[in-house]
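Colleague: I am new to this model and would like a close look at one part of it. Please choose that part and explain each term as you go.

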Amino acid sequence: MSPDHPPGLDLDRLRGLLDRERPGLVTGALSGRLIEGGRSNLTYAVSDGSAHWVVRRPPLGHVLATAHDMKREHRVISALHPTDVPVPRPVLLCEDEEVIGSPFYVMEFVEGTPYRTAEQLAPLGPERTRAAVLNLADTLVELHAVDPAEVGLADFGRPEGFLDRQLRRWAKQLDASRDRDLAGIDELHSTLGRELPRSPAPTVVHGDYRLDNVLIGGEHDEIRAVLDWEMSTLGDPLTDLGLLVMYSSPLGMPDSPVSTTAQAPGHPAPSELIERYAARSGRDVSAVAWYTAFAWFKLAVILEGIHYRYTLGQTVGRGFDRIGDLVPVFIEHGLTTLQEG
């Protein structure tokens, strides 16, 4: 990969657009690199030698624009930027596919670290790790405190029937990749359907809220920016909490290709994160077990889809051969969560 020609990003065309739309913003030749670790949309770091920006675009060759809606991502960070929710400052949205081959947007570059594993957190030490993860819960409270109508997001989603639609959506995803017996997954899905909780008032929902989707930095390890808003919508805020709890729970599988951060020294227990969120948000979290079990179900379906593509030879890279072994573990965690409450 050349810094002059990162795949999927024509820097000359980008420079021309920025010069037309944001005169004086760029003061030198642009260089860029693909930021590794993205799971869906492509993310690039771009610089003119003194200033830095980030460009987001859909995957190469992708045709289902509704699943990778750049306008939607740009809209939500633009709406949230004036609030207490830390998001990068938006710079420009381009819906003209002639520029780089797809719609894209530009935002400011924020310094910080996305911590993906317990091993990466360990050097922080117990006290800093604890503070960083508690900050994650506090930032979620700030997000859910935003009034969608006040920031122009009243029509950002369809909150009515949100949980039922989510269950049906992920069941449909499962059926699309079902080619083996998965003990317990139909029981998990049907139990979730029977015990559907009543949702609180809708909020902006991130949809993939976890530690490695935020940037942490500064003297006090504060959350500098919440990233990856491609699954955001208006819906039940407790789905975000359930996902955070799931990612803060030990998997019980050493050397798993999908890890949580739960084993890092100082990491708060899921119960503490739940209590922290409840105390600071004032929300009733008595049904949090349902939301956590739903998170286990959702991730089981996602992992089964990855495993299915692996069996068809459609994935490349390390660790995919072990993804299939994880799916029963996620199903079991989901069932246990429902049973134990």
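Modeller: A residue is called buried when its relative accessible area is under 20%, exposed when it is over 50%, and partly exposed in between, using a 1.4 Å probe and protein chains only. The model is predicted: local features need pLDDT of at least 70, side-chain atom pairs count only at pLDDT 80 or more, and totals for chains, interfaces and linings use all residues. Residues are numbered from 1 along each chain as its sequence is written, and side-chain values use heavy atoms, without hydrogens or water.

I have chosen the sheet. It is open and has five strands, in the order β1-β2-β3-β5-β4, with antiparallel pairing. Strands here are DSSP runs of E with at least two residues, helices are runs of H or I with at least four, and both are numbered from the N terminus. Two strands pair if DSSP finds at least two bridges between them. At the edges of the sheet are β1 (31–34) and β4 (90–94), each of which pairs on one side only. On average, and ignoring direction, neighbouring strands are turned by 20° against each other.

Start from the edge strand β1. Its antiparallel partner is β2 (residues 42–47), and four bridges join the two. Within that pairing, G32 has V46 of β2 as its bridge partner.

Two helices pack on the sheet. Helix α1 (residues 11–21) touches β1, β2, β3 (52–57), β4 and β5 (104–108), where contact means heavy atoms within 4.5 Å. The direction of α1 makes about 110° with that of β4; such angles run from 0 to 180 degrees between N-to-C directions, and axes are lines fitted to C-alpha atoms, for helices over the stretch in contact. Helix α2 (residues 70–80) touches β3, β4 and β5, and its direction makes about 155° with that of β4.

Now look at β2 itself. One of its residues is Y44. With a relative accessibility of 0%, Y44 counts as buried. Leaving out residues up to four places away in sequence, Y44 touches P6, P7, G8, L9, R33, L34, I35, W53, V54, V55 and R57. One of these, G8, is 36 residues away from Y44 along the chain, yet the C-alpha atoms of the pair are separated by 9.5 Å.

On from β2 comes β3. Six bridges join β2 and β3, and the two run antiparallel. L42 stands opposite R57 of β3. The hairpin of β2 and β3 has four residues between the strands, and there G49 takes a positive phi near 100°. Strand β3 is mostly covered, with five of its six residues buried. Four bridges also join β3 to β5, again in an antiparallel pairing. V54, for instance, has M107 of β5 as its bridge partner.

For context, here are some features beyond this sheet. The axes of helix α4 (residues 126–145) and helix α7 (residues 238–247) come within 11 Å and cross at roughly 170°. The two helices α4 and α7 are therefore roughly antiparallel, a label for angles over 145 degrees (under 35 is roughly parallel, 65 to 115 roughly perpendicular, the rest oblique). L136, A137, L140, L143 and H144 of α4 meet D240, L241 and L244 of α7. By class, this contact has six nonpolar residues, one polar and one charged. Nonpolar here covers Ala, Val, Leu, Ile, Met, Phe, Trp, Tyr, Cys and Pro; charged covers Asp, Glu, Lys and Arg; the others, Gly among them, are polar.

Helix α7 also packs with helix α8 (residues 270–281), at an angle of about 155° and with axes 9 Å apart. The pair α7 and α8 is therefore roughly antiparallel as well. Here L238, L241, L244 and V245 of α7 meet P270, L273, I274 and Y277 of α8. The contact of α7 with α8 has eight nonpolar residues, with no polar and no charged ones.

Two loop residues remain. D221 is found in the loop between β7 (214–217) and β8 (222–226). Although D221 is not a glycine, its phi is positive, at about 50°. D221 counts as buried, at 6% relative accessibility. D228 lies in the loop between β8 and β9 (233–235). Its phi is near 55°, a positive value in a residue other than glycine. D228 is partly exposed, with a relative accessible area of 24%.
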